[in-house]
Each structure stands twice: as structure tokens, then as C-alpha cells.
Amino acid sequence: MQAYKFFSLEADSAVTHYQNLVLPRRIEEKMLRLLRQNRISKWFSGMGQEAIPVGVATALSTEDVIMSMHRNLGVFTTRKVPLYNLFCQLLGRKDGFTNGRDRSFHFGLPEYNICGMISHLAAMLPVADGFALAAKLKQEQRVALAFCGEGSTSEGDFHEALNLAAVWDLPVIFLIENNGYALSTPTREQYRCSKISDRAAGYGMESRVIDGNSLPEVIEAVAQARAYAIAEQKPILIEAMTFRMRGHEEASGTAYVPKALMEEWAAKDPILQFENLLREQGLMNDDDFERLKAEADALFLDELNRALDAPEPEFDEDTETSSVFSVSEPVLPSNGQQQDGEKREIRFIDAVKDSLEYVLTHDESTLIMGQDIAEYGGAFKVTQGFLEKFGRDRIRNTPIIESGIVGAAIGLTLSGFKPIVEMQFSDFITCAFNQIVNNVGKSHYRWTPPLNITIRMPHGAGVSAGPFHSQSPEPWFMQHPGLKIVVPSSVEDAHNLLYSAVMDPNPVLFFEHKVLYRSLKGEVSAVPKYEQLGKAKVVRQGTDFTIVTYGMGVHWALERAAKLSKEEGIEAEIVDLRTLVPLDIETVKASVAKTSRVLLLEEATAVLGPMAEVAAQLSEHCFEFLDAPLIRCSSLNTPVPLNRNLEQGYLPTKRLDAKIRQLLDF
């Protein structure tokens, strides 16, 4: 890496640097006193590490995005975040940035280009990749910087984020605060390489080790890294050696740290180091230091006292539940309201492909990421030909990193893109579970704008693909707020609902049944039409009983209904849920009130499957309409077997006729 010179120490800059360094320390000292007085409940201390966040915020442009962590108070104070609101956030008050919905530094401020953490450490590193990719695609002279501790470098997201940044040549800085302990676990039990930064070579990226307690060295190193990342369009890893002088959080204490080690690092205190440098340079003396500390106190104490007296947030159920999703209307492409034109018959898979091609053509903020989706065209050839038409920037092959690519999608959508992620098989979504349920799903409720992310997944059994390529994972996500779940059953719905999912400002999990891809044909309009997600549809009128289902179950239901009508004159009404979240229970209730009998059909297993929720709602709200018990027909509660005979026995179709007869004979 080319050497640059950025840091110089003069009288004016010395004052500013010292003020920035001492302010978070004075705030922390006050917070620890409040903790001992039982006026606050918890505190994660960065005492002894202030040079790193202050140096980072000083060296970077205000346009650069920072993924902050627990001990990065100096990022917020150096970027001049309003202190009253910051203290309200730290105290869980109404005027905090999350309105009491999350604690401490679990928040972000888009206007300050700060992106907040979640408790699952290393999860924000892939998000930094997304911000960096956005900067690269927009040709902006900016970087993303992600903090992490030495402990979180053991997690999978660390590997996935660094590998993706290297493969995609992203202008991102990964900064490890190596403070000696992950809670109580020392570094000797965390890794065996001599330095964590040694790992960078394995990813093909530059790295360096710095004294994290030296403010000048941190500023110089980060400024150099920024210049390198922008000029070369490549990532870099910085390992900042420091020490945590307090417990992981105050309640845990530091009894596990040898006394001699505490004394050694106390002598390397970043404020003490900087004061000694200023004395040596003849720029300040002890009186100056005391004066600037008093000025720091004057800067924040009144704001802190205001925050201590600030009101608690008041609970309002409607406000809380309505904050999970954005209800803002989507901005459709300029020709998104075209006339239907002549209808045409296509396959289910072609409807998916056509809808994707439409959004890519008419909305330049869209792009697709996934394994083997470029030259190869995807495992099911949905994106075949897209690379030639839309280019490598928008049709992006990824390494095998389900978690990393979902994290990157967050950074992209917070930068104004509409990323579409293809999971090769829905079964592999387990590898991205944390990013989806804790980061994507919860973020809007906590602090972010709505995250316009669409995750497409081939799902379902019936093709003898065995236990790891045949599952129906859609119910796994129903209980996790903030995720819309769409499962189309028809060619028309595949066409329209996928377009609607991409246009919806909220995150959407879109499940496509593999059996339907090439076996089902249907008519679609010339262009896909936007529909509000969350509307069920009665796909067959009937009077004798209702079948509630979705996805592949609709076709099983239609087949049985036609047979019953022809052979016995029994007319089944079929309700296609279409979306599991939001769940349109009103349409279901209306049908049950009409027929008084209901069969709940699903390919997922009965235990906590989607129909368990439908059954609970019907039993609570439609009991007076029912002439028979609620009957569920589901797949067996076993893994999906490979052998075709075993698989057919696993699926609910094996029991469907008997379940219908049980319902009708009651």
C-alpha cells in the first residue's frame, strides 16, 4: 500500500483532537457514577479505547459510512450527533433514536452515515460490503468502515464479509479492535495465528497492525486505508491493538484479568499518551488539559441531565404493531401502470423470469445476487441470458455465502437499491437465518427506513431431491416480525406478486415451488401488475366445505374438488392464501362462515406449520360457524425422504382423501 501522510499536529488541530478524545471519556466517567447510583441499568464501556473510534471518525469523510459497535461512543460524539437524543437513546427514553425499542448503540443515523449494530457480532460486516458496493456502482468517492472485536472474527460473517469484499474489489475497511478479551475469553483461546491481520493474506487483501491507543497513528492509518480503498477499489484490514479497561459490561467486572496486565495497559492510556505528546510538542500543559476537560463537561452535562428527566416512552399497541412494516406506497416504474395488452400463455418459471426481466429493464435500482446466476443462469435457469442483457454489475455471482449476501443486501437497500437475492434452494436459507430474522426483519421497527429486499427461493418436495433440497421453510419465518412471506400458486400470481414483492418497500421472502416451474402453464398480461401484498383469493366457489391452502396445495385441492363435484356433487370452496404474512384471515373467515366446515391443507409439517396459525385464528374467531372440528392435512413430521415412494407417503396428498372424508362425515 502506498504511503500517504495525513496527520499533522498544530495548535488548532491539537485542541480539536484533544476535545474529541476527552469528551467520550468524561461522558463514560459520569455514566459509571450514574450506574453506581442505580440511575442507569447497564453500560458497555469503551474506556481505554477512545483513540480508535475518535481516530476513525476524524480520518474518514462525513460521507463515509461507519458500522459502529458497543465501545464506539467516540464515533457519535466526533460526528456531532445531538447529545440530548444520544443520551435518551442510551437511557431508553422517549426521545432516543429508537424510542426505547432498543438499547445503547443498537441504532443508526442515516443522516450521519452511521449504521447501528445488532447483538450478533460480525453481522454488520457484510452490511458494510453492501454500502461499499453501492458506492462502487454509483462511482462515489466514499468508503464503508466496519468495526468488530477480536472475538467476533471467529464468526462466519467475518469470513463471508472479507471474502466477498476481496472477490468483488470493494472499497471497504474492516477494523478489528483487538482489546484482549471477548467478554472473559482471552485471545490465546480465540485464535492461533500470531495476529488476526495475518488472515488478510488468505483473502488476497492488504492489512496492517497499529497501536490502537495512539490517536495520531489511528488517524494516519485510517486515512491511508481510505485513500487506498478509493484509489485501488479494494478492501483493507486494520488490526488496532488496544485493551478494555472495564468489564465487557460493568456487571461482569475484570476479575479474570491479571493485575500486571491492567497496570501495563493503564500506562498506555490513549489520553495519557496524547497528553504526553502535546507536552513534548509544547502545544499544551496541565492547565490546558484541565480547562478542556471542564469545557467537555459543560458541553454534555446539561444535555445528560435533561435526558435523565426525559419521559419514558408510552406503550400504544396500534403504534407498536403498525411500526413493523412501512405502509408507504411504492414508487412504480414510469410505465408500471401500462394497459394489460394481449394475454399470453407461459410457464410458471417463465412468469418468474419475465417479472424479473421487467423490473431490471424499468428500474435501474434493481440488481440480482446469488450463486451461479450469471453465465450459468441459476440452478433452475431463471436468470439465463440476464448477464448479457443487464451486465455483470447487476447480475452478480456470489461466493457460497447466504448470510453474507443477505447482509450485503441491507447495505445496498439503505443506499437506495432494490436488491433481489436468489437462494439456490430454500433449504439453504438456514445459513442466513440470523441476518434475515434479526437484521432484516427487525431493523425498520428499530431505526431504519424500510428495507426493500426480495429473497427468492425454490422450495417444496415432489422431485425426489431428498431432505436438504425439498423442504418448505416458509413457516419458520412467520413468527418473526418484519418479513412478508409470499407463496404464489398460479402463473399469474408468480408474474404479478414477484413484481409486487420487488416494488414493496418492505423485505419479502418469495417462495417458488419447484414442481410448478415447468409443469404449470397459465395466462399473464403483457406486463406484471402491482398488487398490495396480503390479499387471499377464493379460487373456487363452493358451498359444502372450505379448503384453505397455498402454493402447491392449491393444485392438490383443485384436483380433489373437481373429483368430488363430478362423482358426488359435493362442492368445495378453495381459498388460496397467496401470502402467509400478512395473513388475510378475513377472507378465510368469510368462507368458513359460508360453508361451516374447513380443511387446512399445507405441504409444510403440521407442527407449527402455517395452518396451525390459521386454525388458532379460526377457533378463536369462527367457533360459532363451525359444524365440524378443524381438520389439518399436512406432511409428516419427518425429514423429506429421497425415495419417490417414501416421499409420496411423506406428502399430505397421501392422507388428503381420508381427511376430506373425515371432515364431511362428522
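These are my notebook entries on threonine 78 and on strand E10, both looked up in a predicted model.

**Entry 1: threonine 78**

I began by locating threonine 78, and I found its place in helix H3, which covers residues 73–78. I then checked whether the residue is buried or exposed. Its relative accessible area is 12%, and because buried means under 20%, I noted threonine 78 as buried.

Next I looked up what the side chain of threonine 78 has beside it, and I found that one of its polar atoms lies 2.6 Å from the backbone oxygen of glycine 74. Leaving aside residues up to four places away in sequence, I listed the residues that threonine 78 touches as Asn20, Val54, Ala57 and Thr58.

**Entry 2: strand E10**

I turned to strand E10, residues 366–370, and recorded that the strand is mostly covered, with five of its five residues buried. In a regular strand the side chains alternate between the two faces of the sheet. I therefore took the two faces separately: Thr366, Ile368 and Gly370 are on one side of E10, Leu367 and Met369 are on the other, and all of these are buried, so both faces are covered.

**Entry 3: the partners of E10**

Which strands pair with E10? I found that five bridges join E10 to strand E12, residues 418–422, and that the two run parallel. Within this pairing I noted isoleucine 368 opposite isoleucine 420 of E12. I also found E10 paired with strand E11, residues 395–397, over three bridges and again in the parallel sense. Here methionine 369 of E10 stands opposite arginine 396 in E11.

Definitions and conventions
Residues numbered from 1 in each chain as written. Predicted model: local features only at pLDDT ≥ 70, side-chain atom pairs only at ≥ 80, totals over all residues. Heavy atoms only, no water. Helix = DSSP H or I, 4+ residues; strand = E, 2+ residues; numbered from the N terminus. Buried < 20%, exposed > 50% of the residue type's maximum accessible area, 1.4 Å probe, protein only. Polar contact = N/O pair within 3.5 Å; in protein donor to acceptor, adjacent residues only side chain to side chain. Contact = heavy atoms within 4.5 Å. Pairing = 2+ DSSP bridges.
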